[in-house]
Amino acid sequence: MKKLLALLCALAMMLTLAACGPAPDPTDPPTDPPKPTDPPTDPATSNSTTYLFETEYTYMKDVVGGGISGAAAGLNMIVESTDASNGFYVGSTHSTKCVITYKVTSSEAATATLRVLLGSELGAMKLNPTSFVITVNGTAFTYEEITVPTEVKTTGKTFTQFKLGDIQLQEGENIITFQVGPNEYCNGGPGGPLFDAIKLTSTATLTMEEHPENIE
Ligand SMILES: [Ca+2]
């Protein structure tokens, strides 16, 4: 009987010791806390729309341009081309007096991503906020320099799309201007790109003041 009691005591001690092992610390955080769902990289993309606005539909009648050799202005700057969006682009922009003006009405104040479709007849052309000035409602828009490749009709890559960045639109009418700045791309004088169209991507509803009679 004594032996049995001793055995039971020994067992009880072993169980007690076993129960005294390192207890989990209740303050420890879970090793893998649930992560919040990653936000979409661009919250505006889900319900935004991309609008294609043709340069040949801007108000062109009073626009001053410049050809490689000789003057150009107004509707004479519009060129028909199967390579261009809508079959036309605006060329002969080789003058610092050349200002292309888009009037875009926005349903609300909103951000819009600006892309431009450009070509070059003057070789590879570096455009930046100095050599090609862009303004939005009178404020200069800063963008990273782009290089417009020369016109290469054999590959059909006459026009290249460039994403320039986000602009801020106000509710109602917005004026977006593109002006050739001082540069030496055209025989040492100012040269501009072949201007096909712009694209604006925004959650707002956008409309452009269009002049389709330009190409009639
Ligand atoms: Ca066009």
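Q: What share of the contacts in the chain with a separation of 6 or more comes from residues 24 or more positions apart?
A: The model is predicted. Its chain holds 1 helix and 13 strands. Among contacts with a separation of 6 or more, the share from residues 24 or more positions apart is 79%.

Q: In the run of elements from the N terminus on, where does the helix stand?
A: The chain has 1 helix and 13 strands. The run from the N terminus on begins with α and continues with β elements. The place of the helix is therefore at the start of the run, before β1.

Q: How far does pLDDT support a detailed reading of residues 7-21?
A: The mean pLDDT of the chain is 85, and 76% of the residues reach 70 or more. Over residues 7-21 the model has 0 contacts beyond four places in sequence. Where pLDDT is low, predicted coordinates should not be read in detail. For residues 7-21, pLDDT stays under 50.

Q: Which residues touch the most other members of the largest nonpolar core?
A: Of the 216 residues of the chain, 29% count as buried. The largest nonpolar core has 36 residues. The members that touch the most others are L114, L118, F195, I198 and L200. Elements giving two or more residues to this core include β5 (110-119), β10 (160-169) and β12 (194-202).

Q: Which residues is L200 in contact with, leaving aside neighbours within four places in sequence?
A: L200 is among the residues that touch the most other members of the largest nonpolar core. With neighbours within four places in sequence left aside, the contacts of L200 are Y51, F53, V104, A112, L114 and L206.

Q: Which strands stand at the edges of the open sheet of 5 strands?
A: The order in this sheet is β8-β7-β11-β4-β13, with antiparallel pairing. A strand with a single partner has one side left without a neighbour in the sheet, so the edges are β8 (139-140) and β13 (206-208).

Q: Which residue of β13 does V104 stand opposite?
A: β4 and β13 run antiparallel and are joined by 3 bridges. V104 is also one of the contacts of L200. In β13, the residue opposite V104 is M208.

Q: Which residues of β8 and β11 stand opposite V136?
A: β7 pairs with β11 in the antiparallel sense over 5 bridges, and with β8 in the antiparallel sense over 2 bridges. Opposite V136 stand T139 in β8 and I176 in β11.

Q: Which residue takes a positive phi in the hairpin of β7 and β8?
A: The two strands pair in the antiparallel sense, and the hairpin has 2 residues between them. The positive phi, near 50°, belongs to N137.

Q: Is I68 buried, partly exposed or exposed?
A: I68 lies in the loop between β1 (49-54) and β2 (78-80). Leaving aside neighbours within four places in sequence, its contacts are H94 and C186. The count of other C-beta atoms within 10 Å is 13, above the limit of 12 for exposed and below the 20 for buried, so I68 is partly exposed.

Q: What distance separates the C-alpha atoms of I68 and P190?
A: Along the chain these residues are 122 residues apart. Their C-alpha atoms are separated by 9.9 Å.

Q: Is E184 buried or exposed?
A: E184 lies in the loop between β11 and β12. H94 is 90 residues away in sequence and 9.8 Å away in space, C-alpha to C-alpha. Inside 10 Å, E184 has 10 C-beta neighbours, and 12 or fewer is the limit, so E184 counts as exposed.

Conventions
Residues are numbered from 1 along each chain as its sequence is written. This is a predicted model: local features need pLDDT of at least 70, side-chain atom pairs count only at pLDDT 80 or more; totals for chains, interfaces and linings use all residues. A nonpolar core is a set of buried Ala, Val, Leu, Ile, Met, Phe, Trp, Tyr and Cys residues joined through C-beta atoms within 7 Å. Helices (H or I, at least four residues) and strands (E, at least two) are DSSP runs, numbered from the N terminus. Two residues are in contact if their C-beta atoms, placed from the backbone, lie within 7 Å. Two strands pair if DSSP finds at least two bridges between them. pLDDT is the predictor's confidence in each residue, from 0 to 100.
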